[in-house]
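Here are two exercises on how helices pack. Try each task before you read its solution.

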Amino acid sequence: MEASLEIPKGGFSFDLCKRNAWLESQANYGSSSIIKKAKKTGTTIAGIIFKDGVVLGADTRATSGPIVADKNCEKIHYLAPNIFCCGAGTSADCENVTEMMASNLTLHRLNTGRECRVITAVTMLSQYLFRYQGYISAALVVGGVDSTGPSLYTIHPHGSVDQLPFVTMGSGSLAAMAVFEAGYQEGLERQPGIDLVRAAIQSGIDNDLGSGSNVDITVITPEGVQRFRNLDKAEPKYKSKNPLFYPKGTTKYYDEIISKVAIIEGDAMEQ
Amino acid sequence: MKTKPVAEPSTRTQQPIVTGTGVLGIKYNGGVMLACDTLGSYGSLARFRTVKRLEKVGDFTVVGASGDLSDFQKISSMLREMSTSDSAYDDGCNMTPRDIHQYLGRVMYNRRNKFDPLWNELVVAGFRDGKPFLGAVDLIGTMYEDDIIATSFGNYVCLPLMRKAGTNLSKEEAKQVMENCLRVLYYRNTKSSTKIQIATVSAEGVEIGEPFEISTYWGYSAFQHTEYHGKRL
Amino acid sequence: MQAPQLPTSQVEQPKESRFSPYQNNGGTCLALAGADFCIIAADSRLSLGYSILSRNTPKVAQLTTKTCIASSGCNADMVTLQKYLKFKIQMYLHQHGKEMSTPAVAQMLATTLYHRRFFPYYTFNIVGGLDQNGEGCVFSYDAIGCFERLKYTVSGSGHALIEPFLDNLVAYKNTDNKPTIERSCDETLELVKDIFSSAGERDIYTGDFVDIYIIDKNGTRYEQFPLKKD
């Protein structure tokens with residue numbers, strides 16, 4: 001017993017992870033547990049290499065258990081001017097990992113005075129994720145163009161890396177991969193490449209419950225980056241014939257104070 | 001020796017042994033098509049290479065199965081017995097595909113109630129009175145009819161492609177879709193093979209084809225060098 | 001005190017796959033009763049985990065000319081239960097030469113569910129229709145047969161999203177100024193469509209189509225309403 005209480009001399013300690021797991025199993029938190037409530041991007045993300053560059057795609061649904069938490073979130077993150085990254089898994093992990101990596105890559109550029117290579121970003125990400133042994137649940141698709149040409153990688157939460165001509169990740173990865181396996185060709189032109197990624201993401205949106213709403217696309221070529229937000233949109237919500245209307249007095253009130261407010265300048269509030 | 005707690009339910013088939021993977025079913029113009037590969041896996045071992053998983057029942061129906069193959073052979077013999085006695089009555093009243101689907105659903109549900117399931121996902125395809133039929137049953141008794149059905153891993157990989165293809169297909173087109181889906185399934189499923197079998201049911205009756213090989217492609221130049229620490233092409 | 005046993009990593013424990021007789025196939029059921037009508041509806045998506053098995057598998061079944069049942073939860077149990085009820089109702093018709101009334105169907109369902117108290121039907125049922133006086137009635141159940149007659153109810157995966165909405169819009173629990181005119185059948189139908197399209201936006205297990213049954217003195221009318229497919 002005593003031996004197990006000793007503080008380990010070297011290496012990382014995952015005692016807190018164990019403690020959290022234990023707390024969760026003991027106190028009957030059930031579905032209200034913090035860890036379980038974390039917003040996930042039950043996701044379809046995908047990327048391919050085409051003739052002159054890389055196309056990245058993502059759906060825009062974020063879920064929290066069976067509930068859609070965000071109908072139009074952004075899952076294609078900036079890493080460097082020539083490198084972008086799609087994230088699946090826990091939203092917070094994806095966002096923070098990519099944000100941190102974007103900062104580190106900026107510093108790297110300032111230090112070296114050169115454009116970042118995709119492999120640099122991938123290596124830094126995989127080493128970072130490996131240190132946390134999968135507890136940072138970010139599954140990434142990294143794509144970019146550098147001095148060596150276009151390249152595409154996936155990084156799993158435990159830190160393993162794959163380099164392939166077409167990749168998918170997230171809960172809709174199989175639905176999207178099926179489209180790639182059926183339709184990928186070497187040396188695709190730009191537009192067919194974009195269309196293939198669109199079809200793959202749409203396949204995830206239609207068939208996977210964790211994915212939904214719109215298609216986002218980012219195209220990276222040596223000439224620059226083009227970002228298409230909501231390139232394909234989900235059909236709009238049914239428009240009610242009897243929109244809700246609550247007459248004044250629905251909620252009881254006891255006092256009324258009217259004051260005049262002058263608006264000097266400002267935009268209309270965002271809806 | 002450890003004894004089981006009293007509250008443990010008694011179980012028989014706790015896991016499948018020799019298994020088959022995805023069965024695909026699709027309606028096309030004028031009929032229904034079933035397709036699957038012929039691999040019988042023993043865990044991750046590709047144990048039997050030519051196992052037929054499509055069974056003709058009566059004159060209008062084919063049943064395809066994924067899951068435990070011994071359980072399916074039991075089901076097949078049950079169905080054969082039933083269709084024999086059905087035709088022995090000679091009353092001009094034969095079981096329809098829907099009848100067989102419902103019957104299988106009841107069998108599966110009753111076995112799950114005994115905690116002794118028949119570990120299968122079955123697809124029933126039929127054609128009767130000018131109407132196609134396609135239905136699915138699984139080991140707990142889930143039953144549904146649809147125009148497009150895929151079981152086990154085919155659910156994740158093939159169903160999206162089949163839904164994309166739709167059901168407005170000629171027989172030849174439907175065959176292309178099935179072959180293509182099973183090819184993609186083979187690319188992504190460790191438990192499927194390239195030796196496949198296709199059955200069609202239409203006004204002409206049941207036709208179960210012989211197993212044949214489908215082609216695959218691994219020639220992408222980008223596949224030849226994928227170590228990310230290594231040299232690039 | 002015993003030291004807590006530290007669990008191993010949460011991430012990848014070897015999974016023991018064991019036979020489970022239950023599945024959750026999702027779906028939402030809803031019923032609203034008016035003075036002389038009843039609307040009962042359910043979506044037609046059949047899902048398992050994150051995949052859609054079928055987009056068009058009905059959850060609502062018509063039991064008599066003025067009674068319908070909608071059930072979500074485990075499809076295998078739902079099919080069995082509805083089949084059994086139809087059989088019993090047919091037998092009742094043969095034995096008594098008349099149709100079973102909605103409250104009688106409701107009572108029978110409760111008895112049937114409780115009969116399997118220790119190996120329950122994993123279904124969340126709603127019975128809707130007209131009672132002997134021609135008034136709209138709705139019955140709500142738990143999985144083991146506790147039931148209650150209500151003016152409106154909802155069950156299944158969209159339950160938590162819709163119930164407060166109905167409390168507000170149908171029972172007017174938010175206000176003392178309740179409207180004096182009741183909602184008409186057409187207005188109620190529109191409300192059902194609104195509710196399902198909203199639930200379909202936010203509940204991943206609700207979608208594809210809604211099967212709507214409108215029951216009034218003229219009989220039962222069926223309508224299908226499309227939802228988003230994603």
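The exercises below use a predicted model.

**Exercise 1. Helices within one chain**

Task: Work out how helix 4 of chain A and helix 5 of chain A are oriented to each other, and which residues meet.

Solution:

1. Find the helices. Helix 4 of chain A covers residues 91-112, and helix 5 of chain A covers residues 118-131.
2. Take the geometry. Their axes lie 11 Å apart, and the packing angle is about 130°.
3. Classify the angle. Roughly perpendicular covers 65 to 115 degrees, and roughly antiparallel needs over 145. Helix 4 of chain A and helix 5 of chain A are therefore oblique to each other.
4. Give the hand. Helix 4 of chain A passes helix 5 of chain A in a right-handed crossing.
5. List the contact. Helix 4 of chain A brings A:V97, A:M101, A:N104, A:L105 and A:H108. Helix 5 of chain A brings A:T120, A:A121, A:M124, A:L125 and A:Y128.
6. Sort by class. This contact has 7 nonpolar residues, 3 polar and no charged ones.

**Exercise 2. Helices from two chains**

Task: Describe how helix 6 of chain A crosses helix 4 of chain B, and name the residues in contact.

Solution:

1. Find the helices. Helix 6 of chain A is residues 173-183; helix 4 of chain B is residues 171-188.
2. Take the geometry. The axes come within 10 Å and cross at roughly 115°.
3. Classify the angle. So helix 6 of chain A is roughly perpendicular to helix 4 of chain B.
4. Give the hand. This crossing is right-handed.
5. List the contact. A:L174, A:M177, A:A178, A:E181 and A:A182 come from helix 6 of chain A. Helix 4 of chain B supplies B:N180, B:V184, B:Y187 and B:R188.
6. Sort by class. The contact residues divide into 6 nonpolar, 1 polar and 2 charged.

Definitions and conventions
Residues numbered from 1 in each chain as written. Chains lettered and ligands numbered in written order. Predicted model: local features only at pLDDT ≥ 70, side-chain atom pairs only at ≥ 80, totals over all residues. Axes fitted to C-alpha atoms, helices over the stretch in contact; angles between N-to-C directions. Helix = DSSP H or I, 4+ residues; strand = E, 2+ residues; numbered from the N terminus. Parallel < 35°, antiparallel > 145°, perpendicular 65-115°, else oblique. Left-handed = near helix turned anticlockwise from the far one by under 90°. Contact = placed C-beta atoms within 7 Å. Nonpolar A, V, L, I, M, F, W, Y, C, P; charged D, E, K, R; others polar.
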